[in-house]
Each structure stands twice: as structure tokens, then as C-alpha cells.
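Here's a walk through one protein model, written for someone who would rather look at side chains than at software output. Have the viewer open as you read.

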Amino acid sequence: MSNHRPPPMSAPRPVRTAAPRPVRTAAPRPVRTAAPRPVRTAAPQPAPSAAPAEAGARDGVIAVTRALQLLEAFALGESHLPLAELSRRCGLHKTTVLRLARTLALSGYMVQRDDGEWRLGPAAGWLGARYQAGFDVQNVLEPALRELTQASGESAAFYVREGNVRTCLVRVEGPQALRHHARMGEGLPLDRGSPGRVILAFSGEPGAEYEAIRQRGYHWSIGEREQGVATVSAPCSACTGDCWARCASRGPRRACLRPSSKHWRRP
């Protein structure tokens with residue numbers, strides 16, 4: 001028999017199995033719910049009143065105010081002005097003045113000359129004519145002022161009240177070489193000069209001075225508004241609307257005499 005021994009059989013190696021890894025489950029995220037926004041309710045608006053409308057009328061529309069300012073930039077005797085001068089007098093930029101002038105030109109209130117300068121258009125004159133027509137200037141006022149001028153030897157003018165100022169509606173020049181021009185349509189103060197004093201007196205202004213004017217029926221002043229100029233004024237017997245008309249004669253201070261009852265009578 002052979003002495004060969006079979007090799008000993010090795011013990012089976014144990015099978016290593018990986019331990020099961022624990023399954024990580026994500027923790028549930030909390031659901032963020034938006035906080036309810038407060039409902040904003042509009043505050044109850046007060047009922048509309050007349051105050052805002054009055055404030056708007058008092059403040060005016062800027063574009064209209066600027067356009068009127070442009071028309072008023074022309075002084076008495078000035079037929080035309082360059083754009084730069086209009087800009088300077090109105091205190092507005094030249095582009096703004098140009099835009100306003102072109103808009104007014106569409107309606108005939110301004111006209112651009114061939115040399116580029118601007119003048120008032122025919123519509124502006126027609127507007128003034130319609131204003132004067134409401135006072136019957138041709139048939140009543142001018143003949144009366146002409147008669148007064150011939151009797152006094154001085155210039156005569158007719159004023160009406162427009163709000164808080166007086167406006168020269170028509171004027172007849174006297175024969176004197178020295179003249180003092182009142183710009184037609186220019187607003188003048190009521191508390192300086194005999195025409196304004198008479199307007200205030202016969203509009204019910206309180207005070208001893210105005211009561212004396214009402215009792216006397218006329219008033220005169222020397223150098224009160226313009227140095228070296230004297231005026232005598234009296235109310236007319238008729239009124240147009242709410243504006244009492246006043247007739248005034250004016251001339252150099254040396255020509256002022258105490259008014260005669262022949263020409264100035266109680267209304």
C-alpha cells in the first residue's frame with residue numbers, strides 16, 4: 001500500500017456579507033405657509049366740495065398763464081420783438097416761448113415776420129375791439145371825453161373797475177404839448193390816483209376820506225401815482241355790469257386848478 005496521504009481539506013472560508021446600510025430618509029421639511037396679508041381698504045373719501053375747484057381756478061393753468069404773459073410782453077408803441085427779448089421779458093426759455101408763439105399764431109394772436117421777429121396778430125386787436133364794444137365807446141364815450149377835453153384843455157380818459165385794479169378803456173388826448181400816456185388796458189392800482197379813489201368811494205369803501213369823496217361827488221390828486229401829474233375824476237351816471245365807470249381829466253401839475261362845478265357835477 002502506498003503511504004501517500006491525501007492533503008487535508010481546508011475548511012471553507014466564511015462568506016462575508018456586507019451589513020445592510022441603513023436607509024437614510026430625509027426628514028420632512030416643514031411646509032411654510034405665507035401669513036395672510038392684511039386687506040387694505042381705501043379710506044372713505046369725503047364728498048367733493050367747491051374748494052378744490054376754487055383752488056384750481058385761483059392757481060390757473062400754467063400754459064394759459066404763460067401764453068397771456070407772452071402777449072403782455074409787448075409795450076405800448078412796440079410793433080415787434082425778437083424771440084430772445086420775449087424770452088427775457090417773460091423769464092422763459094426760448095424753446096418754450098417759440099412753442100407758445102407758434103401756438104398763438106395758429107389762432108392769429110401772434111404773427112412771425114419775415115425777419116424772424118414776432119408781433120401781435122389781428123386776433124388780439126379784434127379781442128380788444130370786442131371788449132370796447134361792450135361799453136359803446138364810439139357812440140357815447142369818445143364824444144363825451146372829447147367834449148371834456150375841449151372844455152378843460154387837458155387829456156381825458158375813461159376807467160372801469162376790473163377786480164382789484166382799474167383799466168383805461170378809452171382816452172382822448174388834449175391840445176397840450178406835454179402829454180402823459182395811459183396804456184390802454186393796463187391794470188392800475190385803485191388806491192393811488194383820483195380815478196381809483198373815486199372807484200373805491202362809489203363802490204362803498206369805508207373811511208372818512210371816501211365818505212368825503214361821496215359827499216363831494218368828485219376827487220382830485222396831485223402826483224399821487226405819477227410825479228408831476230394832476231388828475232380830477234368823477235363817476236359817470238351809468239354803470240355796466242358790476243363795474244362803475246369813471247371819467248378822469250389829467251395834465252401837468254401846474255395846470256391843475258380846483259375843479260369847477262360847471263364841468264364836474266354830482267352824479
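What follows covers helix packing, then salt bridges, then the strands.

This is a predicted model, where local features need pLDDT of at least 70 and side-chain atom pairs count only at pLDDT 80 or more, while totals for chains, interfaces and linings use all residues. Residues are numbered from 1 along each chain as its sequence is written, and side-chain values use heavy atoms, with hydrogens and water left out.

**Helices**

A few ground rules come up throughout. Helices (H or I, at least four residues) and strands (E, at least two) are DSSP runs, numbered from the N terminus. Axes are lines fitted to C-alpha atoms, for helices over the stretch in contact, and angles run from 0 to 180 degrees between N-to-C directions. Angles under 35 degrees count as roughly parallel, over 145 as roughly antiparallel, 65 to 115 as roughly perpendicular and the rest as oblique.

Start with helix α2 (residues 62–71) and helix α4 (residues 94–106), which pack at about 85° with their axes 10 Å apart. The two are therefore roughly perpendicular to each other. On the α2 side the contact (heavy atoms within 4.5 Å) uses A63, R66, A67, L70 and L71, and α4 brings T96, V97, L100, A101 and L104. Sorted by class, that's eight nonpolar, one polar and one charged residues. For that sorting, Ala, Val, Leu, Ile, Met, Phe, Trp, Tyr, Cys and Pro count as nonpolar, Asp, Glu, Lys and Arg as charged, and the others, Gly among them, as polar.

Helix α4 also meets helix α3 (residues 83–90): their axes come within 9 Å and cross at roughly 105°. That makes α3 roughly perpendicular to α4. Here L83, A84, L86 and S87 of α3 touch K94, V97 and L98 of α4. The class count for this contact is five nonpolar, one polar and one charged residues. If you're clicking along, V97 turns up in the contact with α2 and in the contact with α3.

Further along the chain, α7 and α8 pack at an angle of about 90°, axes 9 Å apart. That makes α7 roughly perpendicular to α8. R197, V198, L200 and A201 of α7 face E209, Y210, I213 and R214 of α8 in this contact. Its residues divide into five nonpolar, no polar and three charged.

**Salt bridges**

A salt bridge here is a side-chain nitrogen of Lys or Arg within 4 Å of a carboxyl oxygen of Asp or Glu. By this rule the count comes to seven salt bridges, including these three:

| Pair | Closest N and O atoms |
|---|---|
| R89 and E78 | 2.7 Å |
| R171 and E173 | 2.9 Å |
| R197 and E209 | 3.8 Å |

How enclosed are these residues? Buried means under 20% relative accessible area, exposed over 50%, and partly exposed in between (1.4 Å probe, protein chains only).

R89 forms a salt bridge with E78. R89 sits in helix α3 and E78 in the loop between α2 and α3, so the pair ties together parts that are 11 residues apart in sequence. R89 is partly exposed at 32%, and E78 is partly exposed at 29%.

In the R171 and E173 pair, R171 counts as buried at 13% relative accessibility, while E173 is partly exposed at 25%.

R197 and E209 form a salt bridge that links distant parts of the chain: R197 is in helix α7 (residues 194–201) and E209 in helix α8 (residues 208–216), 12 residues apart. R197 is buried at 14% relative accessibility, and E209 is partly exposed at 38%. Elsewhere, salt bridges that share partners join E78, E85, R88 and R89 into one network.

**Strands**

Strands pair if DSSP finds at least two bridges between them. Strand β3 (residues 155–162) and strand β4 (residues 165–172) run antiparallel and are joined by seven bridges. They form a hairpin with two residues between them, and G163 in the turn has a positive phi of about 70°. Along this pairing, E162 has V165 of β4 as its bridge partner, and R161 stands opposite R166 in β4.

Six of the eight residues of β3 are buried, so that strand is largely enclosed by the rest of the structure. In β4 seven of the eight residues are buried, so β4 is largely enclosed too.

What does β4 pair with over three bridges? The partner is strand β5 (residues 187–189), in the antiparallel sense. There, V165 has P189 of β5 as its bridge partner.
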